[in-house]
Structures are given as C-alpha cells and as structure tokens.
Amino acid sequence: MTALEANAIVQEQLTSLDDTDAYASVWSEALSEATTTTTTGHVKWGGRGKGGRGLARQTFQPKDVVVENVSLQYLEGGKTNTKKGGGGIILENSRLKLLSGHVYALVGRNGCGKSTLLRRMHAHKIPGLSPHITTLYLPQHNDEEALQIASTQTSILDQCAIDVMMTYQETIFQSSENAIQLQITELEDRLESIQLSSGNSDDNDNDNDDDIDPEQLVEDICEQISNLEDRLEKSSKDVLRKQATEVLESWGIGDELQNIPYSQLTSGQRKKVLLAVAYICQTDVVLLDEPAQDLDIPGLIHLRRLIEMCREENRTVVLVSHDVDLVNDVATDIIYFSNRQLYYFPGNYDNFQILLEQHGLQALREQVALEKKREHMLQTLDNMKKQPPSKRDGGRRKAKQIEARKKKLERTGIQRDEKGHRWHMQKAGTGIQRGAINSLDASTRKGMSSAQLLKQAQQSVQQPPDKAVQFVFRDPPSVWGEALITAFDLGYKFQGEGSADTPEQQETKNDEAAPLGIIKKPGFMFDSVDLCVEEGSKVCILGSNGSGKSTLLRLLAKTEPPTEGTVHHASGLTIGFWDANMLKRLTQDHGPKTSLEYLQEKYSHKTEQDIRGELTSFGLGPSQISRPLHYLSGGEQTRLALVDLMLQDPPVLILDNPTCHLDVESVKAMTYGLQQWKGTVVMVSHDACFLRSLDVRCFVLMEEEGKLRWLDGGMDTYLKHFRQ
C-alpha cells in the first residue's frame, strides 16, 4: 500500500464523520446563506431548527470558540465499512470551548480521537464553529500528511525548506483571507453601533460613570481593524523568503539545510521546519499535534518560545503532547478527552492530576453512601418479607408494600448531579437519577435477578476504568554474562547528494571544535565512536537533530554497515530494533490486515493464544486487534510494533524515540514495564521525565566533534548546559 492510498483511507474515514453529523447539512446551508444573502457575513446558527448550537450574542468574543453539543461519529457499515475498521462514537453532545490567549493541552487515551478532533477543527467541519476563526494545523507526522494539510498539488517532499514554508504561507493566506474580511466587517458594524449609541447619549443625561469610555473603545476597535487590514496586505515574496530564512536559522536550520530537498532532512529537522511555519502564519488558533516529537533540546526550547509568543499575541493554542514537562511549563488549561466528552480543568498537568484524583474520591464517597442506603433498604425489604401476612386481607396489603419498596429501591440513585449540585427532577429534566436501577436500559434489565440488577447499577456509578495501558515485557530466555554489544572506532560518512558539508562548512565546524583539539574527518557524520553495552543496562544517546543518533542505532543493530570500524554482538544475540519508519512500513505494507492476522502470518509457529496473550500484555484488547492496521491510532500502532519485537524474544531492544505516539499514562506504563524488565535497552529519546524515571546511562553524540561522550549526571546535566 502506497502512502497516497493510506492517506485516501484516512480521508475516507474522516469524510464518514460528515455522514453521521445530524447538523452537517444545516451548517452548510447556514454558511451558504451567510455568503450569498447577507453583506455582513454573519452565520445564523443556534436556536430552533439549528440544533440549538452556537452561543449567545451577549457573550460573543471575536476570537473565542464556544460550540455546544459537538458530536463526532464514524459511519458504521455502508461503503466505508468502518464498522470493521473501528468506527464508532468519538464525541457525544460535548462542549467545545477555546478562549483566546489560552494554551490548552488536550490529553486522553490513545485512540480516543484527539487528532481527529484537531483535523475537524482545522477543516471547519464542526457545525457552529465560526468561519471567521482562522486555524493552522501542524500534523503529528511530517511527510505525506504535511502534503495533505498544505493542500497543494505538488509534493512538498521534493521542495526545499524555504519553499515548504512559502507553500504553507500561501495556503494559509488564501484560506484566512475571507475569515479576516469577516472579522473586519463585524468590527466595523460594532464601531458603527457604538458611534450611534454615543450620539444618542449626548442628548440624555449620562448616569453610568463606570461604563467604558466610548472614545477609548472606538480607538481600540480602529486599532484592531488596522491590524487586520495589515494582515490582508500580502507581502512580496522576497520579504517573505527573507523572513522565512531568519526564522529557520533561529530554529537551527542553516543555509546548508534550507536549500536541500525536504525529504533529505532528518525527522527532527522536518518537524522544526513545520513549527517555524507558525511564526510567519498569523492565525487565531494554532493546533499542534505532538509538536515535541523528534525534537532535540534546542528545538524544545524554541517550541516553548513559540507557544509563549502565541499567547502574548492573544492567539489560542491547542496541543496534544505526551511530554509532561512541556505541558506543565506552557499549558494554562487541560482538556480531558474521556468517555466521549471533553472535560475542562484550569492549570497545568500536575494541577489536573490533583483535581482528577479529588473528583475520583468524591465519586467513591457517593458510591459508598449509595451502597449503605441500598443495604438499609434491602434489610427493610427482607424484614417485611419475614413478617406474617395479615389474616384480614390475606397478605394483599403486604404484597403492595413490598412492591412499593422495590420500586423505591429501583428509583434510588446518586443525589447529586455531575457538577456536584443537589439533584432536582425539574432541573435534570428527568426523574431518573444517576446509578439508579431504572436508569439501566429495559432490554438489559430483562431476565436479570435483583442481585444482578444491583451489580449493574453499581457499575454505572463507578468511575469507568481506563483501557489497559500496561506494558509487560517478558524477561529474556537466557543470560550471557558478558557485554552484548561492543563498538570499536565506528565512523559513518554521509551518503547521497546534499547531505555532506561543503569544504568551507566543514572547515568552519572544525574551527569551532579546534580549541579542544578534536575534529571529525571531512564528510563524516561521526567517527572514532566507542561504546560497550553491558547486559541488563539501559543506555540513552542524546544529541542535536542531524548529529547522527538514528544512524548510530542502525549501526549498533547491524541493519546498516559502518563506513569504518566494527560492531560486535555476543554469540546468538537477537536484537529487537525499532527505527523511526517502522510504523509507516507497518501501515503501508500491511494496512488492510488486522493486528492478529499480521502477527499470525509473520509468526506462524506461535499459537493464536500466545499472540493474543502478548497483545493483551501491551494493552491491546479485542476491539483493537480485530481492527485493520490503518485504522489504529499512533499509540495503538506503537503497542503493536512492540508486540512484534517481543515475539522474537530479544534480550536487547534498540528503540528510536519509543514514546513519540503514546499518551502520558502509557508513557508511565512503559516506564514501569522497562524498569521491571531484565533485558538491555539502547534508545534515543529527549523525554526528560521518561529518562529520569528509567535512570539510564546517558551519552551525547557531539555534532561538531563527531564523537560520543559519556554524560555524568544524566539528563539533568544535559539540560543545565542549555540553561547557561
């Protein structure tokens, strides 16, 4: 399967969301009416016949996003056959609220729909999302998907970095031109209404001394209009190219990298090019999907500066990231994507964890109180049954009393609503309480005993358990008692055109390293690298993007020969190697297959039970393993790739950025799994929290010297170097 075919499948799945949205056609009609029958561009939305979605005009702010009753559901059955491909409900009658000047971190389990929600927002496919809001979406993957987002007919993989930025800028300008014009029209209408109201107030006594000064308000609106008109004035290409060049240089993409094809850049350098786009594309909302993926430490520092700049410019940022340190540093709010709903928490990720724990404790207290109340009611019911029937009516009165008690037991539930307020039938709009037996579906209750009904009702008020996030690494089958990988005088020379430094560039780099008396050979990425990996050790290689970390991993795994030097493996050693393109090959070569089919075909000597057990050990349940690979989320594909490696029973894992696609809880689970594992790990990662928890030995591949240096003090010492 080619990359274009894989993208077509993703687009088909996203298109199915339109078919299941009850408001999609009405929203399209509202947009068409706004552009053809009105001069102001106002979209009539909300209220009767419009789904009741939208927001009150009194609370409207030009750059705020507030949309009620957002629902996203993949089409089940039909031509797309997404029922087999994992279709289902993503969001159900939830509220989307994004305020200008805020930085939102969208967190949730892998596969819950975070990336899908960002794509729908960028495409303005959410009914009620104002068309004057301009968006910039920077995808998680930085190759074929970047072509799709840029909406250009020519592949950006063949363009140089400068041309990629110019393509993005041109596309964003075309899509935002109408949106900016709508904002100007709305501000002009507001300005006219203020001038009219101030003219009328001159004839009357002004009793409101506390009101905002109309002159100051008019001045602010005029300034906003002026800024928007400046954005409409398209700069010359020479000015834009100069601006793009300066931005790329600030991200560490120098002249030698700016003019080579985008496809020849490393994954980290590609990510920097895409992030640099946000500097020259001024949009109201910036959507960042895993922006820290593949970035080195200087790139992470620039990413923090970019987000802070967006916040100072009163732009809204929504980011999906597993980097806890990044989220804690930049986030002002957390959006928790769980159970088909969006929950909003103020503060960073640490604050969110505290609030979530408190919410869980409150739910536990409510559940305990309900259980005590039910026990008392059941005891009363048992006592009534033990009493002898009345001789006068033959027990009919007793039977009525018992039946009334049973109905009361069925109606009894949590006395508080989901917001913690006291439950009222009028306010709730229903007589059914949370956790009550009569809240269960009638078809579910049929034929169940009283004990089963109580158990079902109890489960309905419990906090639904998160899907399994475990990573259980089976210990190696044997012990060697010696160093497993030894590298002597490794060197690697650049391959292909455009990769090697020119003699002048190499001379400049050698001059920078000359004070230490250490230089690398001309044309080499690194040389004279020595490394000994002991059994049971955990080693991490750090360094800047383009220094050769991924290349060094390939040499250690013997998937690519070195230019000079040797790599020695212990006798009979099996290595599980995870490279940066493993997930791409998995979906392109085996996309239509399910996880179980793929593994059964590759490991025919393994039983189905063994394969299912391994998949369960890495948090893949029955629904995931029966889904085609191209419908799995990035985190689910990561789990499958690890299962693929562990079925080989490797005593050594060589991993290139293993946490890139995982959610925060999954990263914690992987950390715990690797801590318990008795095998050997060699990895490349810049996730500080992940590396601290693993207590790894850190080495730095020095770009200027081309040498590998042991780092005393680990990741924290490496970070201190950048603080100075």
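# Questions about a predicted model

A search of the whole structure, which is a predicted model, finds zero disulfides.

Visitor: Is cysteine 660 buried or exposed, and what is its relative accessible area?
Guide: Buried means under 20% relative accessible area. Cysteine 660 falls under that cut-off and is buried. Its relative accessible area is 7%.

Visitor: What is the relative accessible area of cysteine 689?
Guide: Partly exposed covers the range between the buried cut-off of under 20% and the exposed cut-off of over 50%. Cysteine 689 belongs to that range and is partly exposed. Its relative accessible area is 30%.

Visitor: How many of the chain's residues are buried, as a percentage?
Guide: The chain has 26 helices and 17 strands. It counts 724 residues. The buried share of these is 49%.

Visitor: In the open sheet of six strands, what is the order?
Guide: The pairing in this sheet is mixed. At its edges stand β4 and β8, each with a single partner strand, so one side of each has no neighbour in the sheet. On average, neighbouring strands are turned by 20° against each other, direction ignored. The order is β4-β5-β6-β3-β7-β8.

Visitor: Which residue of β6 stands opposite valine 103?
Guide: Strand β3 covers residues 103-108 and strand β6 covers residues 316-320. The two pair in the parallel sense over three bridges. Opposite valine 103 stands valine 317.

Visitor: Which helix packs on the sheet, touching β4 and β5?
Guide: The helix in question covers residues 267-280. Its direction makes about 170° with that of β4. This is helix α9.

Visitor: Why is strand β7 largely enclosed, and which of its residues point the same way as Ile334?
Guide: Six of the six residues of β7 (residues 333-338) are buried, so the strand is largely enclosed by the rest of the structure. In a regular strand the side chains alternate between the two faces of the sheet. In β7, Asp333, Ile335 and Phe337 point one way. Pointing the other way, with Ile334, are Tyr336 and Ser338.

Visitor: What is the bridge partner of valine 107 in β7?
Guide: Strands β3 and β7 run parallel. Five bridges join them. The partner of valine 107 is tyrosine 336.

Visitor: Which residue takes a positive phi in the hairpin of β7 and β8?
Guide: Strands β7 and β8 run antiparallel and are joined by six bridges. One of the bridge pairs is aspartate 333 with proline 346 in β8. The hairpin has two residues between the strands, and the positive phi, near 55°, belongs to asparagine 339.

Visitor: Where is threonine 134, and which residue's backbone nitrogen lies 2.8 Å from a polar atom of its side chain?
Guide: Threonine 134 is in the loop between α3 (114-122) and β4 (135-138). Threonine 134 is buried, with a relative accessible area of 3%. The backbone nitrogen 2.8 Å from its side-chain polar atom belongs to aspartate 284.

Visitor: How far apart are the end C-alpha atoms of helix α24?
Guide: Aspartate 663 caps the N-terminal end of α24, with a side-chain oxygen 3.1 Å from the backbone nitrogen of glutamate 665. At 1.5 Å a residue, the 13 residues of the helix should span 18 Å. The end C-alpha atoms agree with this, being apart by 19 Å.

Key
Residues are numbered from 1 along each chain as its sequence is written. This is a predicted model: local features need pLDDT of at least 70, side-chain atom pairs count only at pLDDT 80 or more; totals for chains, interfaces and linings use all residues. Side-chain values use heavy atoms; hydrogens and water are left out. Helices (H or I, at least four residues) and strands (E, at least two) are DSSP runs, numbered from the N terminus. The expected span of a helix is 1.5 Å times one less than its number of residues. A polar contact is a pair of N or O atoms within 3.5 Å; within protein, one must be able to donate a hydrogen and the other to accept it, and residues adjacent in sequence count only if both atoms are side-chain atoms. Buried means under 20% relative accessible area, exposed over 50%, partly exposed in between (1.4 Å probe, protein chains only). A disulfide is a pair of cysteine sulfur atoms within 2.5 Å. Two strands pair if DSSP finds at least two bridges between them. Axes are lines fitted to C-alpha atoms, for helices over the stretch in contact, and angles run from 0 to 180 degrees between N-to-C directions. Contact means heavy atoms within 4.5 Å.
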